[in-house]
Every structure is written in C-alpha cells, then in structure tokens.
Amino acid sequence: SLEKLNLRHCGLANIAVLERCSLSNLQVLYLSDNINIGVDGCKSVAELLRRGGSKLKKLYVNRCNVGDAGAEIIAESLVDNKSLTHLELESNNIMGGGHLALLKLVNDISSIEGTCNSNHLLRMIGLKGNAVCLYKAYIEEAININRHHNGNLNSAGRAKVIKYHLNSNTRMVLSGLQGVGDYFMRPFVKMDSAILPDAVALVGQESGLSDMYRLLVARNSELGFSVYGKENRALKEKIVELNAIVAAQNSQIASLTARNLDLRTKLASINHFAKRIQSNIEFSDCSDEGDKSRNEHVKKRPRNDDF
C-alpha cells in the first residue's frame with residue numbers, strides 16, 4: 001500500500017480528492033510548490049490529519065500560499081493527532097496569527113492542563129521564509145523539548161510545565177504572547193497539601209526563592225479567605241438585613257414627610273380663611289361705629305322748632 005506520495009510542482013489547485021482516498025498507510029506527503037493550494041487545500045490536509053488511525057509522519061507544504069488562515073487550520077487539526085512528527089510550512093506568507101496558532105499547538109500556556117495536553121510529538125516545524133516574530137523562538141524551544149524527550153509525551157509535558165509555569169518571568173512573556181491572564185499561583189492555591197511541599201521545592205529549585213515566596217504568600221492568603229468564608233457570609237447576610245431595615249425606615253420617613261406637607265397645606269388654608277373672617281369682622285365693626293357716630297351727630301343738630 002502507498003506509504004509515500006510526492007505531488008510537488010504539480011500545479012494543483014484542488015486536492016479534495018485526497019479526502020476520498022483511504023491512504024491508510026501513508027506516512028510521507030509532499031505538496032510543496034503548488035502555489036494555488038491555499039486555504040482550501042489546507043482544509044483537505046486537515047481532514048487527513050484528523051483521521052483516526054492516521055500514520056502520516058511527515059508533511060511538506062512549502063510555498064503553497066497557506067497564509068495565517070491555512071496555518072491555523074493545520075495547527076487545529078494537529079491538536080489530537082498522534083502520528084505527525086515533521087511539518088514543513090516554509091515561505092507561506094505566515095504572519096503573527098499563524099505563528100501564534102502553532103505556538104499554542106506545542107505549548108498552550110493558558111493553564112497547566114493546557115500545557116500538558118499540548119502537542120509533544122512534533123519534532124520539526126519548518127517556518128523559514130515567513131514573517132520574523134518572537135513566536136518563532138518559543139515554538140522552537142517547545143519543539144526542542146519534544147525532540148529531547150523523543151516521543152515520551154508525559155515526560156515532555158512535565159518538562160514544559162516546569163520550564164514555563166514555574167518561572168514567573170517566562171510565564172509572563174508567554175501569557176502576553178498568547179493573550180491569557182498571568183495566573184502564576186492559581187494552580188497551586190488549591191493544591192492537595194500532601195504534594196504541596198514537593199511543588200514548593202520544585203519551584204524553588206527551578207525558579208529561585210522569589211517565586212517560591214510568591215507561591216507561599218498566595219497559598220496562605222487563599223487559606224485565610226477560606227477559613228473566614230463562613231464569617232464573611234454571615235456578615236454579608238447581616239448587612240443585607242440592616243439594609244432592609246433602613247429601607248423600611250426611609251419609606252416610613254417619606255410617608256410621614258408627605259403627611260406633614262399635607263397638614264401644613266391644610267393649616268395654611270385654615271389660617272388664610274381665618275384671616276378673611278377676621279377682616280370681615282373688623283370691617284363690620286367699623287361700619288357699626290360709623291352709623292352710631294352719624295346718629296349722634298343728627299341728634300345734636302338744632303331743629304327748626306328750636307328757633
């Protein structure tokens with residue numbers, strides 16, 4: 001059965017036919033120098049790499065106009081691949097996005113679990129002739145670890161965790177490159193106390209006393225929060241209760257204030273009415289006095305009979 005397939009310089013633009021072939025024993029595939037393969041061709045290649053039981057070990061896709069999108073598709077297809085050890089992507093106009101996808105493939109720094117589940121099988125990723133960027137150096141470092149451990153996936157994963165997670169400076173750089181939070185101490189905070197001494201010793205050995213100190217401080221801080229967790233909850237519940245009482249009292253004050261305003265309005269109306277009554281009374285008194293004065297004057301005037 002076919003173990004090696006050479007399709008270099010064939011002017012291929014569509015390789016979807018490969019998806020319909022069994023190629024169950026294919027170990028080496030040459031697709032280089034077919035500039036029209038592009039992103040669609042990468043999708044067909046990805047299907048080959050995702051097949052269960054794939055035996056493909058070496059893949060050459062140099063100078064095929066892959067770009068960032070094609071590199072990302074190939075990187076994603078290799079997450080669970082158990083066979084490919086050699087990948088060539090030279091001179092494919094791969095920029096930052098493609099390099100980032102390949103870096104995450106071989107060293108996912110988002111968590112210790114992510115790093116352990118990264119691809120530890122690839123021993124070669126050819127990226128010459130693409131954009132110059134910082135990602136390349138870290139891709140090469142991860143590939144060197146894979147190569148050094150020669151297919152021992154657990155050993156390679158452990159080496160990456162020690163190198164990249166237990167050193168705060170290295171992890172900070174990689175976290176920035178991959179756009180993830182700098183969470184250095186988070187995995188150790190809730191670690192089983194039985195293995196914590198070994199973890200602390202390993203951090204001290206690999207990264208120095210400074211990182212070991214940071215680990216211990218973070219661990220103790222978290223323990224403090226857990227010890228006082230119940231008391232904090234009780235305090236929060238009491239605050240909620242007091243806030244409810246204050247809200248009820250404020251509502252009552254608002255009601256009494258409205259009532260007071262209503263009474264003041266009624267009192268003002270009564271006072272106004274009383275003043276009007278008082279004014280009428282005074283006017284009436286003045287009228288009575290005037291009539292009395294006129295009557296007396298009339299009485300004092302001499303009558304004609306007096307003469």
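Two strands pair if DSSP finds at least two bridges between them. Helices (H or I, at least four residues) and strands (E, at least two) are themselves DSSP runs, numbered from the N terminus. With that in hand, welcome to this structure.

The model is predicted, so to speak of a local feature takes pLDDT of at least 70 and a side-chain atom pair counts only at pLDDT 80 or more, while totals for chains, interfaces and linings use all residues. Residues are numbered from 1 along each chain as its sequence is written, and side-chain values use heavy atoms, leaving out hydrogens and water.

**The sheet**

The protein chain holds 12 helices and 5 strands. Those 5 strands make an open sheet in the order β1-β2-β3-β4-β5, with parallel pairing. β1 (4-6) and β5 are the edge strands with a single partner each, so one side of each has no neighbour in the sheet. Between β4 and β5, which run parallel, there are 3 bridges. Here L87 lies opposite I125 of β5.

On the β1 edge, K4 belongs to strand β1. K4 is exposed, with a relative accessible area of 52%; exposed means over 50%, buried under 20%, and partly exposed in between (1.4 Å probe, protein chains only). Contact means heavy atoms within 4.5 Å. Setting aside neighbours within four places in sequence, K4 contacts L26, V28 and Y30. From C-alpha to C-alpha, K4 and L29 are 6.0 Å apart, although 25 residues separate them in sequence.

**A pair of tyrosines**

How many aromatic pairs does a search of the whole structure find? There is 1. Rings of Phe, Tyr and Trp (its six-membered ring) pair if their centres lie within 6.5 Å; planes under 30 degrees apart count as stacked, over 60 as edge-to-face and the rest as tilted. The ring centres of Y30 and Y60 are 4.7 Å apart and the planes meet at 15°, so this pair is stacked. Y30 lies in strand β2 (residues 28-30) and Y60 in strand β3 (residues 58-60), 30 residues apart, so to say the pair links distant parts of the chain. Both Y30 and Y60 are buried.

R8 joins in as well: its charged end sits over the ring of Y30, 4.5 Å from the centre. A charge sits over a ring if NZ of Lys or CZ of Arg is within 6 Å of the ring centre and within 35 degrees of the ring normal.

| Partners | Distance |
|---|---|
| Y30 and Y60 | 4.7 Å between ring centres |
| R8 and Y30 | 4.5 Å from charged end to ring centre |

**The enclosed helix and the core**

Of the 11 residues of helix α4 (residues 96-106), 8 are buried, so the helix is largely enclosed by the rest of the structure. Among the buried ones are H99, L102 and V106. Their cover includes α3 (67-77), β4 (86-88), α6 (135-149) and α8 (168-178).

N107 is in the loop between α4 and α5 (112-116). N107 counts as buried, at 0% relative accessibility.

A nonpolar core is a set of buried Ala, Val, Leu, Ile, Met, Phe, Trp, Tyr and Cys residues joined through side-chain atoms within 4.5 Å. In the largest one, with 48 residues, L29, L59, L87, L102 and L122 touch the most other members. Helices α2 (38-50), α3, α4, α6, α7 and α8 each supply at least two residues of this core. Not counting residues up to four places away in sequence, L122 touches residues including L84, L87, L105 and I143.
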